Amino acid sequence: MASNHANTGISLNEKSAFSTSEKPVPAALTMMVDSMTSMVERAKIDLESVDQRARADLENIDQRARKDVALIDQRAREDIQKVDQKARRDVAIIEKRAREDHEILRKVRKAKTLVS
C-alpha cells in the first residue's frame with residue numbers, strides 16, 4: 001500500500017524538483033512587457049489612423065459645406081435678380097398707370113375750365 005507521508009528528506013530551504021527556476025519568471029515578465037508594449041504601439045498606430053481618417057472626413061465635410069454655401073449663395077442671387085426684375089416691371093406698370101391717371105385728371109380739369 002502507498003504511504004501518504006511527507007518526504008522528510010527535503011528541507012524548506014532546498015529547491016524541490018517541482019519548483020520553478022528563476023529564468024522562466026523573468027522570461028514571462030519580458031513576454032508580458034513585450035506584449036503590452038506591442039499593444040500600446042498598435043493602439044498608437046490605430047489612434048493615428050483614426051485621427052487621419054477623422055481629419056480626412058472633416059476636410060470632406062468642409063468642402064461639401066463650402067460647395068453647398070456657394071450653391072445657396074448662387075441661388076439666392078438668382079432669386080434676388082428675379083425679385084428685382086419683377087419689382088422693376090411692377091414699378092413700370094404703376095408709373096404708366098399713374099401717367100395715364102394724371103392725363104385723365106388733366107383732361108378733366110381742362111374740360112372743367114372750358115365749361116366754367
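1. A residue is buried under 20% relative accessible area, exposed over 50%, and partly exposed in between. Glu-95 is therefore partly exposed, with a relative accessible area of 41%. The same cut-offs serve for the other residues named below. Note that the model is predicted.

2. Overall architecture. The chain has one helix and zero strands. The helix is α1, covering residues 24-115. The chain itself runs to 116 residues, and 0% of them count as buried.

3. Surface. About 11600 Å² of the chain is exposed. Carbon and sulfur atoms supply 60% of that area.

4. Charge pairing. Side chains of opposite charge can pair when their charged atoms come close. The rule used here asks for a side-chain nitrogen of Lys or Arg within 4 Å of a carboxyl oxygen of Asp or Glu. The count comes to eight salt bridges. Three of them are taken up below, among them the pair Arg-77 and Asp-73.

5. Arg-77 and Asp-73. Their side chains form a salt bridge, with N to O at 3.0 Å. Both residues sit in helix α1, four residues apart, which is about one turn of the helix. Arg-77 has a relative accessible area of 54%, so it counts as exposed. Asp-73 is at 37% and therefore counts as partly exposed.

6. Asp-84 and Arg-88. Here the salt bridge has an N to O distance of 2.8 Å. About one helical turn separates Asp-84 from Arg-88, because they are four residues apart in helix α1. Asp-84 is partly exposed, at 33% relative accessible area. Arg-88 is exposed, at 59%.

7. Glu-95 and Arg-99. This salt bridge spans 3.8 Å, N to O. That value passes because the rule accepts pairs within 4 Å. Glu-95 and Arg-99 both belong to helix α1. They are four residues apart, about one turn of the helix. Glu-95, at 41%, is the partly exposed residue of point 1. Arg-99 reaches 55% relative accessibility and counts as exposed.

8. Which side of the 50% cut-off does each partner of the last pair fall on? Arg-99, at 55%, is over 50% and so counts as exposed. Glu-95, at 41%, lies between the two cut-offs and is therefore partly exposed.

9. For the reader at the viewer. Start at Asp-73 and Arg-77 in helix α1. Then inspect Asp-84 and Arg-88, also in helix α1. Finish with Glu-95 and Arg-99, which lie in helix α1 too.

Terms used: Residues are numbered from 1 along each chain as its sequence is written. This is a predicted model: local features need pLDDT of at least 70, side-chain atom pairs count only at pLDDT 80 or more; totals for chains, interfaces and linings use all residues. Side-chain values use heavy atoms; hydrogens and water are left out. Helices (H or I, at least four residues) and strands (E, at least two) are DSSP runs, numbered from the N terminus. Buried means under 20% relative accessible area, exposed over 50%, partly exposed in between (1.4 Å probe, protein chains only). Accessible areas come from the Shrake-Rupley method with a 1.4 Å probe; for residues, only the protein chains shown count as cover.
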